[in-house]
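Trainee: I should like to learn how salt bridges, cavities and record annotations are to be read in a model. Could we work through them one by one?

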Amino acid sequence: MGECGAPGDVNSNVLIAPSTGDAQLDKAVWQWLSWDKNQKTKEQIESLLQNGKHKELRDRLCCRLTFGTAGLRSAMGAGFCYINDLTVIQSTQGIYKYLERCFSDFKQRGFVVGYDTRGQVTSNCSSKKLAKLTAAVLLAKDVPVYFFSTYVPTPFVPYAVQELNAVAGVMITASHNRKEDNGYKVYWENGAQITSPHDKEIIKCIEECVEPWNGSWNENLVDTSPLRQDPLKKICDCYMEDLKKICYHRELNVQTALKFVHTSFHGVGHDYVQLAFKAFGFQPPIPVPEQKDPDPDFSTVKCPNPEEGESVLELSLRLAEKESARVVVATDPDADRLAVAEQQENGCWKVFTGNELAALFGWWMFSCWKENCSEDADVKNVYMLATTVSSKILRAIALKEGFHFEETLPGFKWIGSRVKNLIDNGKEVLFAFEESIGFMCGTSVLDKDGVSAAVVTAEMATYLESQNLTLAQKLIEIYETYGYHISKTSYFLCYDPPTIKRIFERLRNFDAPQSYPKLCGIYNILHVRDVTTGYDSSQPNKISVLPVSKSSQMITFTFQNGCVATLRTSGTEPKIKYYAEMCALPEQSDRNVLEEELQKLIEALIENFLEPDKNGLIWRSA
């Protein structure tokens, strides 16, 4: 899409638009008004042009979407850097061109398309419509398309890609983002999200064919083309059958008196979580009626992200109290992530962090493996993974139990690719996670999956209840066995990219040019790893083992007191995130002392490295 809009000649006979006095911008406006067939988004650009809003036109038309940690993601609306009919058509044309180059059997194997329930009336934009246009581009080029007849959880797309032996797939979703956003998530033939170099090559291909082809706007092709198949029943049945591979206590599940509440956060999760509970032998979880059905406005929550904790779980917690249900499971709107809350003996609710849930899942998946593995199974062949900003608790469990633990860059795309690689080399992967409540139990889906995680949580809680234990009590046992891992994650909002860059550049040139800080307040820094530049002071050659990721900022500090802290930019939102964890040995069991030390270190990190007042950073609202 070039520096301003997109390259390529424009047919000057199509329309005459008033000049902005900027040749580049004029060209981008011409392109948009020539190519966009969505009346609502076309009118948005025409209105800005007529009202002389040249800066906003430039913002909308003179930059383009790029692949972040979750594919393409942006606000819905008019412009080359927004999610809309035209940018989705352009993206799909680029993907077609790239896949045609990569796979000689592309037109035999086909492509998977799924979608959630997002939408925006003012732009006449919805996930289903964008999915239909995605399918149209491919069907018009004689590519078989597996197009789901209704909304599905995000994990169904990577699962279907593998199950149907398709070359790739796309899920139209912005997951847990605000209601204004949408996204375009691409999965490769291995069932994992695309990583480099595919993302960069696809962007190049998009730039080479930005003008919509004949047939690309024909969204009715999904209803008329013989090349379109609906994979819904097959994929749903196969997925639920595969889920049973990680069900270990069916008899307990059938008998339990434990009740569960499930909220699907106005998204896609309700039907699929009900089916998953049935597959495990459970009674169906009690749904939150106000949040059970899809609602693109997410009208009962201030933001549709279950990670925000008790404030957004209000309706489900009140229902659970009324129904005497001790455990609440919450899937985010596209059902790829899971939050869990448990009522404690004093009546209060504990909402588990992603890192705490990972400690429970890690213990559970390994215990179940140990109980059910064959006599000749080798623990050294077993793996668990986590992203580098997540808790190191799996590392501690692995060291004691003898299996392997590996770290990846942030984003499940890195986990999925590595897991596939391990499986192809004969390894057994039990569990992987990222701290932002993304969990992969088993390897049927090579991405995070809130549906499977919800039902595994229910089985774990049921088993623990048979041992007279709660999830919270078991978590303490895990920490006492393997060492307390106390972590805190939060973020600041920053809408000014130059400020973000300045903050990180200051850390790279702290006391002198090309010199990282040696202290943070009173805390000694042992090692620094900068994944943006590829530097790692802990390695003999000073080169990071993790791949370089120049497109985002990320620096990790290891402190002398056992704390590990990372500062990074979000791949999907205007945030600077911080992750800090105190990793203690099993003998250091005074939790209060550890928590106090962690809190003081975080305060020093914010004050000395982020300088929120000076940099105008907005604190995360409580």
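**Salt bridges, cavities and annotated spans**

Mentor: Let us begin with one pair: the side chains of Arg-109 and Asp-105 form a salt bridge, with N and O 3.6 Å apart. Please keep in mind throughout that this is a predicted model.

Trainee: Are the partners Arg-109 and Asp-105 buried or exposed, or something in between?

Mentor: The general idea is that a residue is called buried under 20% relative accessible area and exposed over 50%, with partly exposed in between. Arg-109 has 12% relative accessibility and therefore counts as buried. Asp-105, at 27%, counts as partly exposed.

Trainee: Which residue meets Arg-337 in a salt bridge?

Mentor: The partner is Asp-332, at an N to O distance of 3.4 Å. Here Arg-337 is buried, with a relative accessible area of 2%, and Asp-332 is buried as well, with a value of 0%.

Trainee: How far apart are the closest N and O atoms of Glu-407 and Lys-392?

Mentor: They are 2.6 Å apart, and the two residues form a salt bridge. Glu-407 belongs to strand β15 (residues 404-408), whereas Lys-392 sits in the loop between β14 (382-387) and α16 (393-401), so the pair ties together parts 15 residues apart in sequence. As for accessibility, Glu-407 is partly exposed, with a relative accessible area of 28%, while Lys-392 is buried at 6%.

Trainee: Which residues are joined into one network by salt bridges that share partners?

Mentor: That network consists of Lys-185, Asp-336, Glu-434 and Lys-448. For the whole model, the count comes to 40 salt bridges when a side-chain nitrogen of Lys or Arg must lie within 4 Å of a carboxyl oxygen of Asp or Glu.

Trainee: Let us turn to enclosed space. How many cavities of 30 Å³ or more does a search of the whole structure find?

Mentor: A cavity is a space where a 1.4 Å probe fits but cannot get out. The search finds two cavities of 30 Å³ or more. The largest holds about 90 Å³ of space, and the second largest about 50 Å³.

Trainee: Which residues of the lining lie nearest the centre of the largest cavity?

Mentor: They are Val-389, Ser-390, Val-564, Tyr-579 and Glu-581, out of 14 lining residues. The elements that contribute two or more residues to this lining are β18 (485-493), β23 (563-569) and β24 (575-583). In terms of domains, at least three lining residues come from each of domain 2 (246-482) and domain 3 (484-619). By chemical class, the lining of the largest cavity comprises five nonpolar, seven polar and two charged residues.

Trainee: Which residues line the second largest cavity?

Mentor: Its lining is made up of Phe-67, Gly-68, Ala-70, Gly-71, Lys-185, Val-186, Gln-193, Ile-194, Asp-199 and Lys-413. These divide into four nonpolar, three polar and three charged residues. Lys-185 has appeared already, as a member of the salt-bridge network.

Trainee: Finally, which residues does the UniProt domain annotation cover?

Mentor: An annotation may be inferred rather than shown by experiment. The unreviewed UniProt entry assigns "domain: Alpha-D-phosphohexomutase alpha/beta/alpha" to residues 65-208, 239-344 and 354-479. In the model, residues 239-344 are 34% helix and 16% strand, with end C-alpha atoms 33 Å apart. Residues 354-479 are 53% helix and 17% strand, and the end C-alpha atoms of that span lie 15 Å apart.

Definitions and conventions:
Residues are numbered from 1 along each chain as its sequence is written. This is a predicted model: local features need pLDDT of at least 70, side-chain atom pairs count only at pLDDT 80 or more; totals for chains, interfaces and linings use all residues. Side-chain values use heavy atoms; hydrogens and water are left out. On a 1 Å grid over the protein atoms alone, a cavity is a set of points where a 1.4 Å probe fits but cannot get out, and a pocket is an open set with protein on both sides within 12 Å along at least five of seven lines; lining residues have an atom within 4 Å of a point. Grid points are joined across faces, edges and corners, and a volume is the space filled by probe spheres set on the points. Helices (H or I, at least four residues) and strands (E, at least two) are DSSP runs, numbered from the N terminus. Ala, Val, Leu, Ile, Met, Phe, Trp, Tyr, Cys and Pro count as nonpolar, Asp, Glu, Lys and Arg as charged, and the others, Gly among them, as polar. Domain bounds come from an automatic or database domain assignment. Buried means under 20% relative accessible area, exposed over 50%, partly exposed in between (1.4 Å probe, protein chains only).
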